[in-house]
Amino acid sequence: MASDAPHAGASRLAARNLRLAYDKRVVVDDLSIDLPDGGFTIIVGPNACGKSTLLKALSRTLKPESGTVLLGGQPIDSYRSKAVARQLAMLPQSPIAPEAIAVRDLVARGRYPHQGLFQQWSHEDELAVTDALSSTGCADLSERFVSELSGGQRQRVWIAMILAQQTDLVLLDEPTTFLDIAHQYEVLELCARLHAEGRTLVAVLHDLNQAARYATHLVVMKDGRVVASGMPGDILTADLVESVFGLPCVIIPDPVTGTPMVVPRAAPLAG
Amino acid sequence: MTGSVATAVRPHPPTLRIGGWLSLPLRARSLVVGGSLLVVILVVAVLTLTLGELGIALGNIVPTVQGAGTRRDEIVLLAFRGPRLVVGLAAGAALAVSGALFQTVTRNPLGSPDVIGITSGASAGAAAFGLLWPGILPLPAGALVGAFVAMALVFIGTGSGFSSPARMLLVGIGVSAMSLAFVQWVLVRAGREQATVLASYLNGSLAARDWDHATTIVTAVVVLVPCALLLSRRLQLIEMGDEQADALGARSATTRTLTILVAIGLATAAVSVAGPIAFIALVAPQIARRVTRSAGPNILASALMGAFLLGLADLVTQQLPIDVTLPVGVVTALLGGIYLGFLLIAQWNKGSL
């Protein structure tokens, strides 16, 4: 018997035969992927492998040349844009903090998809913003100007903004870039907690060890294709890292978490 | 039960609620700023009507407006200072809102219709249809055509439409320079008398405005400022980058196009009745943003600030104790030039230029 959903069994967010390009320069071709529901999927790969491009397509901020992104089994462009934003939140790599904006006002902008022209501020908005601020540890910052904050604080504020959207799908494009190592782990721990609370997370990361430590589902990309995907412990091998990144290495268990840890043998010289 | 449902949440910001269908957040500071601006605009308006030889005595303003004043006061109000005041305030508001919209879509405080080529395009249109091919179009319509041609050139010149703010500014500066060169060429070709008439228009002038001018600009403000207000929530999201705006469901490309159309309409309406008055569009939204200390396009605060600044500049122009009557555009250019220098230095120091 035929199922009523066109892609029964597929996950809530998935892509079929995506072809992605910037001005005719094809970055991703014929890519299909399922992002496991309730998982913390981390996408890794060398520079320019198309991982951020894929994330943009999944959040429909980049229109595919061909192929479809499916949200709840339906093509994502069949929804109204606000309806998508009520289900899926995305934090781009470098969002711009408007001049002279207080933290709370910035976080409140995440409520836009829930608001109407005449209903611009409700009790639900109020609660969502307060929750988002407290769950990211930004409650004390709420009256400060975003421009006065440190990099780590600012990133938590941005995450609070997309949490105020109250979606169970959250996409993050390199959320740790430009942060020092302590703040990188602070952001990743925050992501892990959001995942533990039941959200489906998808993030693009650069650091393989961080990816292996936090991902429940690791996706390795190269040249616009998915080379491997699965549990980090199952797929992250020295051969894979060498063939994808060109880096000879050994893989040892992370002494803290037991997840795979990449230790380079020697950096190969270019040329 | 009469009591409302108790919540632990302190309402923040204070919210205006009417029945179940309207709930708007209010900012105390913006309300105070808006109220104060209304008061100073009223003061400027009263001074404009009362000062000088032709001035209407303070106590006679209300009777004259009601139609019970003396014949002399009536002529001053209806034929001289009334339309000039209305055109000045409305054009100031239109220019300021246009500037606020452009600055938001370009994410740059220099992105105003002056810099981006609209006002000089309008001047070129006015010059073309006023002197080069007279009789085809009235001057305001010529200005409108010029503004649209300039924006079309910017749109084509960037190679990516209006999507890259930095390119828009650069190409706009080029188009602006070309338009001004065209104006100069037309002026040189034209006879001296005609050129003098056009020259005063090209400086931006509120002298000898009539009620037709007032109707044009007031209509533009009444129609287009609400459109700007409708767009302003999505514009707040565009401030955070197109990608973030799209992710929040604000459709940045559509919003940007609509916004630019509204901004062109406002700037052109103002230029067509008052000439390319310099710097109001650039300065008013920036000052509005600083005094309200609020992010976002600040449409209403900018409109009031623009009306106030142009009203004040025109008051100064009319009451200056010198022999020549300056066009108001010279006064705004002088004040605005100082402000622009300050802004450039500030951006330079911040390293964002």
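Here a biologist and a modeller talk through a predicted model with chains A and B.

Biologist: Let's start with helix α6 of chain A. How do you know that its length agrees with what a helix should span?

Modeller: Helix α6(A) runs over residues 181-196, which is 16 residues, and at 1.5 Å a residue they should span 22 Å. The C-alpha atoms at its ends are 22 Å apart, so the two values agree.

Biologist: What makes you say that the buried residues of α6(A) line one face?

Modeller: The buried ones are A:Gln184, A:Val187, A:Leu188, A:Cys191, A:Leu194 and A:His195. Look down the axis of α6(A) and they fall within an arc of 115°, so they line one face of the helix. The face turned away from that side carries exposed residues: A:Ala182, A:Glu189, A:Arg193 and A:Ala196.

Biologist: And what do the buried residues of α6(A) pack against?

Modeller: Their partners in chain A include β3 (40-44), β7 (169-173) and β8 (200-204), along with helices α5 (151-164) and α7 (208-214). Just after α6(A) you'll also find A:Gly198, with a positive phi of about 115°.

Biologist: Now the six-stranded sheet. Why are β6 and β10 of chain A called edge strands?

Modeller: The order in this open sheet is β6-β7-β8-β3-β9-β10, with mixed pairing. β6 (88-91) and β10 (225-230) each have a single partner strand, so one side of each has no neighbour in the sheet. From one strand to the next, the twist averages 15°.

Biologist: How do you know that β9(A) and β10(A) are paired?

Modeller: Strands count as paired when there are at least two bridges between them. β9 (residues 217-222) and β10(A) have five bridges, in the antiparallel sense, so they qualify as a pair. For example, A:Val220 has A:Ala228 as its bridge partner, while the partner of A:Val219 is A:Ser229. Their hairpin has two residues between the strands, and A:Asp223 takes a positive phi near 50° there.

Biologist: What about the sheet of four strands: which of them stand at the edges?

Modeller: That open sheet of chain A goes β2-β1-β4-β5, and its pairing is antiparallel. Its edges are β2 (25-35) and β5 (74-75), each with a single partner strand, so one side of each is left without a neighbour in the sheet. β1 (residues 13-22) is joined to β2(A) by seven bridges, and A:Tyr22 stands opposite A:Arg25. Helix α1 (residues 51-58) packs on this sheet, touching β1, β2 and β4 (66-71), and its direction makes about 120° with that of β1(A).

Biologist: Over to chain B. Why is B:Gly265 called buried?

Modeller: A residue is buried if 20 or more other C-beta atoms lie within 10 Å of its own. B:Gly265 has 20, so it meets the cut-off and counts as buried. You'll find B:Gly265 in helix α11 (residues 252-274) of chain B. Leaving out residues up to four places away in sequence, B:Gly265 touches B:Ala220 and B:Leu224.

Biologist: Last one: how many residues of chain A are in contact with chain B?

Modeller: 28 residues of chain A are in contact with 28 of chain B. On the chain A side, the elements giving two or more residues are α2 (81-85), β6 and α4 (123-135). By class, that side has 15 nonpolar, eight polar and five charged residues.

Definitions and conventions: Residues are numbered from 1 along each chain as its sequence is written. Chains are lettered from A and ligands numbered from 1 in the order in which they are written. This is a predicted model: local features need pLDDT of at least 70, side-chain atom pairs count only at pLDDT 80 or more; totals for chains, interfaces and linings use all residues. The expected span of a helix is 1.5 Å times one less than its number of residues. A residue is buried if 20 or more other C-beta atoms lie within 10 Å of its own, exposed if 12 or fewer, and partly exposed in between; C-beta atoms are placed from the backbone. The arc is that of the directions from the helix axis to the C-beta atoms. Two residues are in contact if their C-beta atoms, placed from the backbone, lie within 7 Å. Axes are lines fitted to C-alpha atoms, for helices over the stretch in contact, and angles run from 0 to 180 degrees between N-to-C directions. Ala, Val, Leu, Ile, Met, Phe, Trp, Tyr, Cys and Pro count as nonpolar, Asp, Glu, Lys and Arg as charged, and the others, Gly among them, as polar.
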